[in-house]
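Got your viewer open? Let's take a walk through this one together, stop by stop.

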Amino acid sequence: MLLKIFVNIIFFIFTLFIYVKGEKPKIVGYDKYNHEIIIEDPIEIRNNNIESIKYFIVGDREKYPDNPLIFNSPQDGSIIVSVMLQSMQNFIENKYPNIYGKLEIITWDNTDLCDDTNGSENCPSLVLQGTTSFPYHYHNDHVISLNDYFEEYMNNNKNIFSTKFIKQVEYEYSIDGYYVAVPLITDIRIMYFNILTYKNAGLDFPPPLGNRKSWTWKDLVDDVRKLDKYFEENNIQSNPFDFYGLYDEEMKFLSIILRNYGVPTISSENRCGYCSSEINRNNTIKAIDEVVRPLFEIINKRRKKHEWCTFKETNPIIEKWLKTKDDNQNVKNEYRDLKNTSIECVMNVRNNSTDGIIFSSPPSMAGNNIVTTKAELSSNKGLGVAYVPGNFSFLGGSGLMITKKVSKERQKIAWEYILHLTEGKYLNDIGKGSLMLPPYDTILNDPEWNNSNWDIYIQQLRDSFPIQYPRRTFPEFSQLEVKHPLRYMFFDLFERGTKTAIAVKRVCNDIDYNLEGKCTMNDYAFNKDKCKKGKLIFAVKKNENFSCHGGVEIDTDNDEIYTDCPYEDYDSTYGLIILVLIIGGITLSVIYISLFTAYRKADPIRRASYWFSVIIVFGSILMYISVLLDLGVSNSNFCYIKMWLLVLGFGCSLGGLVVKAFRIYSIFNNRDLKPLVITDRQLFKYFGIIMGIEIFFLILWSYFYTNSNKDSKLSLSGSVMLQYTETNKRLLSTNSVTNSTLSYTPYQYEYCKPYSSFPTLLLIYSINCILILTGCFYSIKTWSIPQMYSETKFVASTIFMIGFIVLVCVPTVSSFEDYDIKNRFVLSSLAICFTCILATSVFCIPKIYNSYLYFKQDYLKRVEDQNSNSLEYSTNNIQIKFINNNTNSLGYSKSQNKGKFGNNRNSNGILLSNDALHRAAVMGNTLIDGNMLGINSSKYNQGLSMLNSSEINSSSIYHKRVSRCQIINNELQCPDCGCVFEIAE
């Protein structure tokens, strides 16, 4: 019984454990037809052919579709794929159970890591790429910098992550001070030789298995020649030296040889090092003639033509080029002239054995019996490992990069997987799968690597360097592997029979051409010229040391480079309209002032006060000038002047109108009959107070405007968009077109800070809004006054117009963005110009017209009658009848009766002329005396004083009179004399 209970408990615990831990994430492979291939155990893959599998899914994709770990790898070796699947399965099971993983097998030539046209959820978060492609992907924003993750690792582990790498890695995995990848697989070049062949030929083994004191490239050539002779004597149909141009082996092969001759592949200027100096050119030619040419002559003697590089497909252009000799003048001999061609070797053809000696990589020799110690030489079987002749070999490899287009969370998961994958266990398994040591110094203390079987590889690794060493890699360097200039040179030398010096010159030209890269906007100097018809024109020059091709190619002599003008210039549509308005407005204002001056002695101008009228019109001229300063290229010196002119002009115009409205209001609001005198001197005091307030707030504004950003101007960053098509090679318009390459160059345009800041709104707009509201108040109060007695309606209309425009336009203009220079300028300028033109016209034209009529009708008569005591005025056909009670005197009586008279005079009244009464009515605007009515004779005006000459010429429109008349109920009543005048049309 107890045993049964115990068994049940054990079973329950086991079941609970299985439930809690869960099953391992399943692995499913998919072929190109998307057929499922169930993978029971990733270790089983090592013994299977996986070439038909396109990608693998680890985990439950249907259950956990979010934040997947998608890993793109070009490594299709079954052992490496097995290790990656095993690590991914373990990673998901133990660290991220709520995601799924995808391992997709891709090609090495993967220029675009992510096609996100349908969203970035299917983009890989992690990619494995070769070292030469790192700069291309980084500078094209395909991948992210890993510096932040390296720093996070250091803070968490108190250890520097990059110190784990072998020292040479720093030159390829770090770009511009940023780590862009984490090393995973090492790639070096090493020599393998056939042990039995060397013994039979009587040759000493190469070091380190042999006892040679010297092992140079000349020594290798001597060995190959001896092996070739041995094969001929013994009728052996094999190759004494094997070389295959798989992964652009020609460049790696030649770079190793030239490094031992002291020639760099890349110069300090990122140009071809072979021809960077006369010494380098001569040493390059010497190395080719002493080493490369003899070896390939032997290769071609025993093989079919160019068997070292089997073409993927027949290319008639290449075939024709190979069949012609170098002296054929009808054939273009520059490698880049062979357009749209590329000599591609078959990559899946691998010769993993040799009867002589072979230059190869460790992974390519998989499946051979490799001898790495002297003790194993006695078997006379297999291939011995030898150092590459000289002192240096090639170092490459591949690393893990995190893509940029995926989410931050997916990037974080990818980083965690990198740490998981680069742990010792998986690194060792990947190294064994690639038959090469991992690129980490930590393996030197690992007994799996630190033994006699790997000593030769470790030593060769320490003497291996990237092709561009000691220079950092750069984006265009990857083009040398894509375009294969060295492969062209090898064919030129060994198939076409070209002389070495000529071939070296050609390959240098081609390398320089490919290293130049595509032209970008940085290869040109753009200087802003000026705007023409809405286009900001740029003067373009090629930079010094200009060297590029393709991309943005600009004909600096014929191509017009432009962008939309950031401001309105004089010749743009709106600029022309505004310029015409400014010129027209200033011209009108000058004409108005001139006519005011010419008619200044006329009653309409004198009553309106000549100087105030001039000031009002002069204010509009100041506002026109402020708009003119804002037209065209912005000048930082005008940032303050424009606001000062605008505000002072606005103050002159509106301030003058407000004080005039104030005078009219004060007189008409005078309900008693006491004398009221408001002279021009008093009005100038009020006007001076208004302008003083404007100037005070302008000073405060200038202080805040400068200190808000420590400058009176801002910089607008813009870009020139060029559109270039391969068909016509021209720069098109700024609108997007099909098949175009867009390029940009930044430019700076300085402009005044907008006047919509808080200090401007508070100090400038608010005080002027108060002034507008004050003017509107006086205008409303005086609007009902008959126009024949005052200019109030003209003044009020002008104030209403200005107020409406300002109160509507200021908030609208302030709503624009700071950089929206054109729209803000157009709206504000049109508003200012139209307002000034309409306002000055409404204010000035009636006065000028009445003055014209005055001089036309009455000036000569006034000259003739200047000695007369009566004043004659025009009433514009308005009839006023004078009424007397019962006598010929003008005494006032409560019982008087009003009578109407025609054009005939009778004994009880006097009929005044329309001219005389109109002049009397408008002379003082509201107060009319007997003298103004022309009834100052002793018969009708007993006791009334006469107007003296100083009062007649006074600019004041109100006079101290003993007798005054008031307008009451459409009547003119003079209480002092008892006269009553009825106004009738």
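Does Asp223 count as buried or exposed, and at what relative accessibility? Before you click on it, one thing to keep in mind: this is a predicted model. Now select Asp223: its relative accessibility is 3%, and since buried means under 20%, Asp223 counts as buried.

**Stop one: salt bridges**

Keep Asp223 selected and add Arg212. Their side chains meet in a salt bridge, with 2.6 Å from N to O. Arg212 sits in the loop between α6 (195-201) and α7 (217-233), while Asp223 belongs to helix α7, so this pair ties together parts that are eleven residues apart in sequence.

Next, select Arg487 and Glu250. Here is another salt bridge between side chains, at 2.9 Å from N to O. Arg487 is part of helix α15 and Glu250 part of helix α8 (residues 249-260), so the parts this pair ties together are 237 residues apart in sequence. Both Arg487 and Glu250 are buried.

Now head for helix α12 (residues 424-434) and pick out Lys425 and Asp429. They are four residues apart in that helix, which means about one helical turn separates them. Their side chains meet in a salt bridge too, with an N to O distance of 3.8 Å. How exposed is each partner, Lys425 and Asp429? Lys425 is partly exposed, with a relative accessible area of 48%, whereas Asp429 is buried at 18%.

While you're on the subject, select Glu152, Lys412 and Glu416: salt bridges that share partners join these residues into one network. How many salt bridges does a search of the whole structure find? The count is 21.

**Stop two: helix α16**

Select residues 500-516, which make up helix α16. Try a distance check between the C-alpha atoms at its ends. At 1.5 Å a residue, the 17 residues should span 24 Å, and the end C-alpha atoms are 24 Å apart, so the two agree.

Color the buried residues of α16; among them are Thr500, Ala503, Val504, Val507 and Cys508. Some charged ones are on that list as well, including Arg506, Asp510 and Asp512. What do the buried residues of α16 pack against? Show α9 (278-302), α14 (479-483) and α15 (485-494), and you have the partners. Arg487, from the previous stop, lies in that same helix α15.

Still in α16, click on Asn509. This residue is partly exposed, with a relative accessible area of 27%. Leaving out residues up to four places away in sequence, Asn509 touches Glu334 and Arg336. Glu334 is 175 residues from Asn509 along the chain, but their C-alpha atoms are separated by 8.1 Å.

Step off the end of the helix and you land on Gly517, which follows α16 and has a positive phi, near 75°.

**Stop three: a sheet of three strands**

Select β17, β18 and β19. They form an open sheet in the order β17-β18-β19, with antiparallel pairing. β17 (524-532) and β19 (561-564) stand at the edges, each with a single partner strand, so one side of each has no neighbour in the sheet. Turn the view and follow the twist, which averages 30° from one strand to the next.

Zoom in on strand β18 (residues 535-542) and its antiparallel partner β19: four bridges join them. For a pair to click on, choose Leu536, which stands opposite Thr563 in β19.

**Stop four: two serines**

Select Ser464 in strand β16 (residues 464-465). Its relative accessible area is 0%, so Ser464 is buried. The backbone oxygen of Gln460 lies 2.5 Å from a polar atom of the Ser464 side chain. What else does Ser464 touch, not counting residues up to four places away in sequence? Show Gln168, Ile188, Ser393, Phe394 and Leu395 to see those contacts.

Finish at Ser626 in helix α19 (residues 610-629). Ser626 also counts as buried, at 5% relative accessibility. Add Lys642, Leu645 and Leu646, which are in contact with Ser626 once neighbours within four places in sequence are set aside.

Note on methods: Residues numbered from 1 in each chain as written. Predicted model: local features only at pLDDT ≥ 70, side-chain atom pairs only at ≥ 80, totals over all residues. Heavy atoms only, no water. Expected span 1.5 Å × (residues − 1). Buried < 20%, exposed > 50% of the residue type's maximum accessible area, 1.4 Å probe, protein only. Contact = heavy atoms within 4.5 Å. Pairing = 2+ DSSP bridges. Axes fitted to C-alpha atoms, helices over the stretch in contact; angles between N-to-C directions. Salt bridge = Lys/Arg side-chain N within 4 Å of Asp/Glu carboxyl O. Polar contact = N/O pair within 3.5 Å; in protein donor to acceptor, adjacent residues only side chain to side chain.
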